[in-house]
Amino acid sequence: MEFWLDLNEEQNDLREWVHGFAESVIRPAAAEWDEREETPWPVLQEAAKIGLYGFEFLMNTWSDMSGLSLPLVNEELFWGDGGIGMALSGTSLAVAAIYGSGTPEQLVEWVPQCFGDPADPQVGAFCSTEPEAGSDVAAMRTRAVYDEASDEWVLTGQKAYATNGGIANVHVVTASIDPSLGSRGQAAFVVPPGTPGLVGTKKLRKLGLRASHTADVFLDDVRVPGRCLLGGKEALDARLARAREAQRATEQTTRPTGKRPSGQASMRTFELTRPAVGAQALGIARAAYEYSLEYAQNRVQFGRPIVDNQAVAFALADMRTEIDAARLLVWRAAWMGRNERPFTAGEGSMSKLKAGEVAVAVTGQAVQILGGAGYLRDHPVERMYRDAKIYTIFEGTSEIQRLVISRAITGRQIR
Ligand SMILES: Cc1cc2nc3c(=O)[nH]c(=O)nc-3n(C[C@H](O)[C@H](O)[C@H](O)COP(=O)(O)OP(=O)(O)OC[C@H]3O[C@@H](n4cnc5c(N)ncnc54)[C@H](O)[C@@H]3O)c2cc1C
């Protein structure tokens with residue numbers, strides 16, 4: 001499908017519908033749930049009731065071949081509020097992992113269980129980060145061992161900072177099967193609802209996104225059926241065999257050009273999800289920009305609205321320019337991902353890098369424009385400023401995005 005900036009009627013309707021929900025349900029609840037630092041279940045229930053949260057909604061959004069529906073939805077939800085937006089979107093991390101590594105049968109079996117049903121919505125969690133393996137995914141210590149007699153996988157280890165960890169209906173957990181192969185020796189597993197041995201810690205206390213549940217997760221001899229290995233055993237065995245073969249070949253040859261071996265499938269999955277995360281950052285940035293634009297037109301100092309000072313008006317001009325630039329990168333990457341265009345320059349990472357850094361800069365500038373008022377909880381820019389910071393940290397820090405882009409454009413193993 002061609003890349004096109006004009007939204008069609010369906011996309012406009014979708015955007016308006018989600019915007020309406022964000023304005024009438026999310027915004028009025030935002031300060032309360034931020035303060036309470038709890039998952040806003042009533043908002044999830046409301047969203048599920050009107051069909052804005054669930055498997056069907058996700059499928060409809062995904063069926064848009066332009067790729068733009070998902071970023072449109074995310075921008076509006078997070079324009080409503082970052083914390084509640086993440087409470088509604090955290091499940092999509094688990095879904096993306098099932099979609100990225102699972103078979104069609106696994107998708108149909110597990111994704112609906114991540115969401116629950118409209119009368120009783122649930123959440124999903126994706127648990128990859130560990131205390132010793134954050135940016136360095138290859139350092140993962142959680143182990144998965146196959147018990148052939150019972151056709152079960154046994155998972156043991158500790159996961160850190162998992163969104164919805166411990167409260168999710170379905171957890172997707174990554175684990176190492178052959179640590180000598182680094183990230184190529186890893187796989188993802190579904191842990192079905194109620195599986196013994198998986199325990200979440202109490203909710204971690206955070207700078208921002210406080211309505212979203214984040215916890216560490218302990219896995220103590222967690223036994224899951226063989227069919228919970230995403231992608232299936234046959235595909236895993238073939239992948240491990242290829243990785244071992246590649247490792248042998250690498251050991252036997254020197255690579256004087258410093259070029260990296262090609263074909264990291266997991267990188268592509270990350271590149272696919274990054275524009276959706278970038279769109280979340282955009283929503284927070286746009287909300288802060290709009291609020292400070294309005295404020296600057298009403299706040300009078302030295303006998304005139306502060307916006308009449310170039311220093312303030314130019315700051316707003318820069319904020320708007322940066323937001324629009326980030327949106328173009330997000331939309332481009334979303335379109336590329338949906339239309340299976342190769343990310344030859346790390347375009348997915350570019351979109352998340354830019355949007356994350358724009359969100360931090362714009363929310364900071366919004367606080368500045370409000371002056372002392374911006375520092376108080378009476379105005380939402382204080383919360384937006386706290387919420388935005390995560391976008392240079394999770395789903396790959398800004399430094400890791402730059403690593404991905406620099407490797408893609410140079411073809412070299414930049415460290
Ligand atoms: C609110 C929240 C929600 C999260 N949700 C999830 C989730 O649902 N599932 C999940 O699996 N994880 C989740 N995470 C974890 C998140 O993805 C990690 O925190 C992130 O990947 C960074 O890892 P780290 O915290 O270990 O930082 P580290 O990897 O220790 O990095 C620390 C600093 O060193 C820099 N650095 C590290 N390596 C390099 C390098 N090679 N070159 C340059 N700089 C480098 C980093 O950029 C960073 O600035 C969440 C985290 C938070 C805070």
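1. Start with the ligand and the domains around it. In this predicted model, domain 2 (125–245) and domain 3 (265–410) each give at least three residues to the shell around the ligand. When you look at the structure, it helps to find these two stretches before anything else.

2. How many residues surround the ligand? There are 21, and the closest are Gly134, Ser135, Thr163, Thr397 and Glu399. Three elements each supply at least two residues of this shell: β3 (124–127), β5 (152–163) and α13 (398–410).

3. The make-up of the shell is worth a moment too. Sorted by class, the residues around the ligand are eleven nonpolar, seven polar and three charged.

4. Now step back to the whole chain. The domain assignment gives domain 1 (9–120) along with domain 2 (125–245) and domain 3 (265–410). Between the C-alpha centres of domain 1 and domain 2 there are 24 Å. Their contact involves 25 residues on the side of domain 1 and 22 residues on the side of domain 2.

5. Which elements of domain 1 give two or more residues to the side that touches domain 2? They are α1 (9–36), α5 (82–89), α6 (91–101) and α7 (104–115). Of these, α6 is a good one to pick out on screen, as its six residues are the largest share of that side.

6. A last point on this contact is its chemistry. On the side of domain 1 that touches domain 2, eleven residues are nonpolar, eleven are polar and three are charged.

How values were computed
Residues are numbered from 1 along each chain as its sequence is written. This is a predicted model: local features need pLDDT of at least 70, side-chain atom pairs count only at pLDDT 80 or more; totals for chains, interfaces and linings use all residues. Domain bounds come from an automatic or database domain assignment. Two residues are in contact if their C-beta atoms, placed from the backbone, lie within 7 Å. Helices (H or I, at least four residues) and strands (E, at least two) are DSSP runs, numbered from the N terminus. Ala, Val, Leu, Ile, Met, Phe, Trp, Tyr, Cys and Pro count as nonpolar, Asp, Glu, Lys and Arg as charged, and the others, Gly among them, as polar. A residue is near a molecule or strand if its C-beta atom, placed from the backbone, lies within 6 Å of it.
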